[in-house]
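Biologist: Please take a close look at the packing of the aromatic side chains. I would like one connected account, with the cut-offs stated.

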Amino acid sequence: MKFIQLLICVLFCISGAYSQILSGYVYDKKENIPLQGAFVYLDGTTISASTDSLGYFSITVKEKFNTDLIVSYIGYSNFTVSNPFQYTKPMKILMQEAVTKLDGLVISKEKSPFSREDMLEVFKENFLGNSRAAQSCQIANEDVIAFYFDKETNILYAKSYEPLQIRNNYLKYNVLFNLTNFGVKYTKVTLDRRYQQAVYFAGTSFYKDISGSTSAYKERRASYLGSITHLMRTLAADKWEDEKFGLYVNGMKADPKEYFKIKDTLGVKKITVLQGVEKAKPLNINVSGESVNDLKEKQKRYRKRQGVIYFTVVYDGKESYFTCPKGVFYIDNNGQYFPISNVRFEGYMSEFKAGDMLPADYSYRF
């Protein structure tokens with residue numbers, strides 16, 4: 001009997017050892033009073049909590065996430081806590097009342113050369129995507145999105161003054177997306193997709209599972225397999241064959257170990273890309289008027305650019321391409337990589353947008 005009690009105690013301790021707790025109090029900054037019902041969540045996950053009458057919240061997770069803690073309350077500006085797992089004691093968060101900027105909506109309507117309907121259509125195509133999952137998405141509050149087309153830069157901008165309420169009927173999630181940045185760059189004043197140069201968007205998100213008794217396992221698994229998150233988890237675990245990914249360089253099958261150095265650091269994987277800079281041919285440059293040090297620096301920068309490898313990744317017959325110009329990035333336990341700007345994707349994986357995104361805590365293995 002004592003042995004059983006001891007075993008239960010040991011198992012409890014082991015389980016607790018892998019749990020992480022985030023807690024704190026949410027207050028009004030001006031009045032210094034607690035805010036009950038504030039919504040607190042880990043960005044990009046299904047993990048959340050609400051504050052009680054004392055403004056207190058507590059979130060328990062099985063592992064750390066490389067993501068921000070977001071606090072939202074009606075009438076207040078969102079509060080972001082970067083690297084929240086660094087706080088081992090309850091934090092105090094002071095919320096500030098939001099200032100509504102309605103003038104931006106009026107200005108954007110007057111200056112944009114295109115109708116709101118046309119700009120909204122372009123926004124949904126480039127924000128949600130064109131996949132089956134994306135086409136199932138419905139934005140309940142489209143009216144909170146403001147648009148502006150800058151004729152000098154040929155960029156279509158969009159901004160949301162409230163979190164977008166997105167219902168993904170295919171993947172069975174309700175998503176709150178706080179859009180902070182969106183742009184589509186064109187080569188001229190047009191909304192024709194043939195003249196698009198680049199698309200970017202940023203923001204924070206929260207996922208609520210609405211599958212209920214209707215399982216979305218197959219649909220979510222299909223969206224995950226072959227995705228960027230799937231690739232990043234595969235790379236971090238060095239399980240390319242197990243996960244059925246193929247890596248190619250210059251059209252030839254490549255061994256990932258020859259190109260990626262993986263090191264555990266601060267709870268994440270540090271990925272160093274072995275670019276082959278030394279193999280790059282030297283630059284034939286005019287030496288007139290330049291010092292030896294300037295020439296060395298120019299050669300160094302040139303070799304670095306020339307040594308950047310263009311990787312091809314194949315999954316289920318679909319090809320994607322990526323580069324890592326700076327030669328290093330990091331991957332956490334959930335496949336989130338950062339800095340995002342250090343890895344550039346093209347091809348199949350780059351085609352999927354917010355409509356195909358899954359929570360960071362998603363796993364298709366049970």
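Modeller: Contacts, meaning heavy atoms within 4.5 Å, give the setting: of those in the protein chain between residues at least 6 apart in sequence, 62% join residues at least 24 apart. This is a predicted model, in which local features need pLDDT of at least 70 and side-chain atom pairs count only at pLDDT 80 or more, while totals for chains, interfaces and linings use all residues. Residues are numbered from 1 along each chain as its sequence is written, and side-chain values use heavy atoms, with hydrogens and water left out.

The protein chain has seven helices and 22 strands; these are DSSP runs numbered from the N terminus, helices being H or I with at least four residues and strands E with at least two. Of its 366 residues, 40% are buried. Buried means under 20% relative accessible area, exposed means over 50%, and partly exposed lies in between (1.4 Å probe, protein chains only).

Now the rings. Searching the whole structure gives 28 aromatic pairs. Rings of Phe, Tyr and Trp (its six-membered ring) pair if their centres lie within 6.5 Å; planes under 30 degrees apart are stacked, over 60 edge-to-face, and the rest tilted. One of the pairs is F114 with F149, edge-to-face at 5.1 Å centre to centre and 80° between the planes. F114 is in the loop between α2 (103-111) and α3 (116-127) and F149 is in strand β9 (residues 145-150), so this pair ties together parts 35 residues apart in sequence. F114 is partly exposed at 22% relative accessible area, whereas F149 is buried at 0%.

F127 and F201 make another edge-to-face pair, at 5.1 Å centre to centre with 75° between the planes. Here helix α3, holding F127, is linked to strand β13 (residues 196-209), holding F201, across 74 residues. F127 has a relative accessible area of 0% and is buried; F201 is partly exposed at 25%. Not counting residues up to four places away in sequence, F127 touches L164, I166, F177, L179, F182, F201, K353, A354 and G355.

F127 also belongs to the largest nonpolar core, which has 60 residues; F123, F127, L164, I166, F260, F311 and F329 have the most contacts inside it. Strand β12 (residues 173-186) gives the largest share of this core, seven residues. A nonpolar core is a set of buried Ala, Val, Leu, Ile, Met, Phe, Trp, Tyr and Cys residues joined through side-chain atoms within 4.5 Å. Another core, of 21 residues, lies apart from the largest one and includes A38, F57, V61 and I93. In soluble globular proteins, nonpolar side chains tend to be buried together.

Elsewhere, W240, F245, Y259, F260, F311, Y315, F322, Y337 and F345 form one aromatic cluster.

Some rings carry a charge over the face, meaning NZ of Lys or CZ of Arg within 6 Å of the ring centre and within 35 degrees of the ring normal. R220 is placed over Y173, 4.0 Å from the ring centre, and the charged end of K188 lies over the ring of Y195, 4.2 Å from its centre.
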